[in-house]
Every structure is written in C-alpha cells, then in structure tokens.
Amino acid sequence: MIDFFRGLPLWLGVSVAVAIIFVRGLVYYWIGRAVGPRIYTSKLGRRIGEGRLRRVEAMVARRGVLAIVGAHWVAGIRHAIPICAGVTRMPLPRFVLGSAIGAALWTPPWIVGGYAVVWGWLKVFRESPLAAAALGVAVAALAAGVVVLRRRRRGGAPEEEEAVAQDQPGSSSTPVG
C-alpha cells in the first residue's frame, strides 16, 4: 500500500488517507449497528471490558457528534466510539458529519508530520549514520519508559475499573447524537 502513495503529490496522498480514515469509521459504525448490544458480551467485548464499552457508549450519548470528532484524536477510543455509535443507533447523518470533520482534521497532521519525521531522520542519517542510530535508540528508550511508567501507574487499576463498571447505567437503544 505504501507504494501506492509514493508517486502521489502530497495533497492527493493526504486526500486519499482522509477518505480511508472516513471509510474506516463508517465500517466500524455499521459493525456496531449490525452486532448491536451483543458486542458487550462478545469475545472482543469481554476482552475490552463491558465497563469500558459502557463508558464509551455514555460518552457518545452525552457528546454526540463532538464525541465522533474527538475520537480521532484519542488512541484508546478511536475505534470504540464509532462502534458504540452504531450500537446506540446514532442517526447516520450525524455520524457521517462527525466522522468527516474528524477525519479531515486528524489525518493531515499525521500524514504531513510523519512525512516530516521520515525525511528529517533520513537527512540526519545522511549526515551521520551514528547520530541517526543514537536518535533511534533514544526514541525506543523513551517509548519503553512511557510503557513501563503507564503499567506501574495501573498497578491497582483492574479493581477500580470493576467498581466503576458496576456503577455505569445500562445501554439504551434510543438514538443519540
């Protein structure tokens, strides 16, 4: 797929990426709509945790279109919010509006930013392969440190999450948005 983007002008590559992200959201929405509340008791739902999915559903109910737009910016809920929007039967025009705005705002910075990072790293590599290797090691160490820190902070989190999940209201089948 990367070869497809290589020969494109940057503006066209960004446009294609926005369209891909938009369609991804629609696919998730229709999966949620087709599966419905059974998603919470499915294998995937049990793996994610019903409490977490219920909190995402409540966010969709409270925030509507803004939740769809904002979902693009939050890695943990980027995929769950469109599914929950489908489960709760958010009206399709509202979902499409939020998904289009979110894809148009989120995708270009990532594409252009990624482009800049790759070309910047290649320039550093051309100037000094040793500096590029050191930079790669530093980035990997930073990423590993973030992962370790997050896992340590979550030490007692599973019990807290169960308590929070029990306090969550049930799912509604009324349209939201």
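Visitor: What volume does the second largest pocket have, and how many residues line it?

Guide: A pocket is an open space, so a volume and a list of lining residues describe it. In this predicted model, the second largest pocket has a volume of about 460 Å³. Its lining is made of 13 residues. Nearest its centre lie Arg 52, Gly 76, Ile 77, Arg 150 and Arg 154.

Visitor: Which helix gives the most to the lining of that second largest pocket?

Guide: That is helix H4, residues 50–63, with five residues in the lining. You can also sort the lining by class: seven residues are nonpolar, five are charged and one is polar.

Visitor: Staying with helix H4, how many salt bridges does the structure hold, and which side chains meet in a salt bridge?

Guide: Here is the general idea first. Side chains of opposite charge can pair when their charged atoms come close. In this structure there is one salt bridge. The side chains of Glu 57 and Arg 54 form it, at 3.8 Å from N to O. Both residues sit in helix H4, three residues apart, which is about one turn of the helix.

Visitor: Are Glu 57 and Arg 54 buried or exposed?

Guide: To read burial, look at the relative accessible area; under 20% counts as buried. Glu 57 is buried because its value is 6%. Arg 54 is buried too, with a relative accessible area of 16%. For the chain as a whole, 28% of the 177 residues count as buried.

Visitor: What about closed spaces: how many cavities of 30 Å³ or more does a search of the whole structure find?

Guide: A cavity differs from a pocket because a probe fits inside a cavity but cannot get out. The search of the whole structure finds one cavity of 30 Å³ or more. The volume of the largest cavity is about 60 Å³.

Visitor: Which residues line the largest cavity, and which helices supply at least two of them?

Guide: The lining consists of Ile 21, Arg 24, Gly 25, Ile 68, Ala 71, His 72, Arg 78, Pro 82, Phe 95 and Ser 99. Helix H2 (10–35), helix H5 (65–71) and helix H7 (92–127) each supply at least two residues of this lining. H2 gives the most, with three residues. By class, you will find five nonpolar, three polar and two charged residues there.

Visitor: Ser 99 is on that list. Where is Ser 99 placed, and is Ser 99 buried or exposed?

Guide: Ser 99 has its place in helix H7. With a relative accessible area of 1%, Ser 99 is buried. Another way to read a fold is to look for residues far apart along the chain and compare their places in space. Ser 99 and Gly 25 are 74 residues apart along the chain, and their C-alpha atoms are separated by 6.5 Å. Both residues are in the lining of the largest cavity.

Visitor: Now to the outside. Which residues form a nonpolar patch on the surface?

Guide: The patch is formed by Leu 10, Ile 111, Val 112, Tyr 115, Val 118, Trp 119, Trp 121, Leu 122, Phe 125, Leu 135 and Val 139. Together they have about 970 Å² of accessible area. H7 and helix H8 (129–153) each supply at least two residues of the patch, and H7 gives the most, with eight.

Visitor: Could you take Val 139 as a worked case: in which helix does Val 139 lie, and is Val 139 buried or exposed?

Guide: Val 139 lies in helix H8. A value over 50% counts as exposed. Val 139 is exposed because its relative accessible area is 52%. You can read Ala 34, in helix H2, in the same way. Ala 34 is exposed, with a relative accessible area of 59%.

Visitor: Which residue other than glycine has a positive phi, and where is its place?

Guide: Look at Arg 89, where phi is near 60°. Arg 89 sits in the loop between helix H6 (80–87) and H7. At 38% relative accessibility, Arg 89 counts as partly exposed.

Visitor: Finally, how many helices and strands are there in the chain?

Guide: The chain has nine helices and zero strands. Read from the N terminus on, the elements run α-α-α-α-α-α-α-α-α.

Note on methods. Residues are numbered from 1 along each chain as its sequence is written. This is a predicted model: local features need pLDDT of at least 70, side-chain atom pairs count only at pLDDT 80 or more; totals for chains, interfaces and linings use all residues. Side-chain values use heavy atoms; hydrogens and water are left out. On a 1 Å grid over the protein atoms alone, a cavity is a set of points where a 1.4 Å probe fits but cannot get out, and a pocket is an open set with protein on both sides within 12 Å along at least five of seven lines; lining residues have an atom within 4 Å of a point. Grid points are joined across faces, edges and corners, and a volume is the space filled by probe spheres set on the points. Helices (H or I, at least four residues) and strands (E, at least two) are DSSP runs, numbered from the N terminus. Ala, Val, Leu, Ile, Met, Phe, Trp, Tyr, Cys and Pro count as nonpolar, Asp, Glu, Lys and Arg as charged, and the others, Gly among them, as polar. Patches are made of residues with over 30% relative accessible area and no salt bridge: like charges are joined within 9 Å, nonpolar side chains (Val, Leu, Ile, Met, Phe, Trp, Tyr) within 5 Å. Accessible areas come from the Shrake-Rupley method with a 1.4 Å probe; for residues, only the protein chains shown count as cover. A salt bridge is a side-chain nitrogen of Lys or Arg within 4 Å of a carboxyl oxygen of Asp or Glu. Buried means under 20% relative accessible area, exposed over 50%, partly exposed in between (1.4 Å probe, protein chains only).
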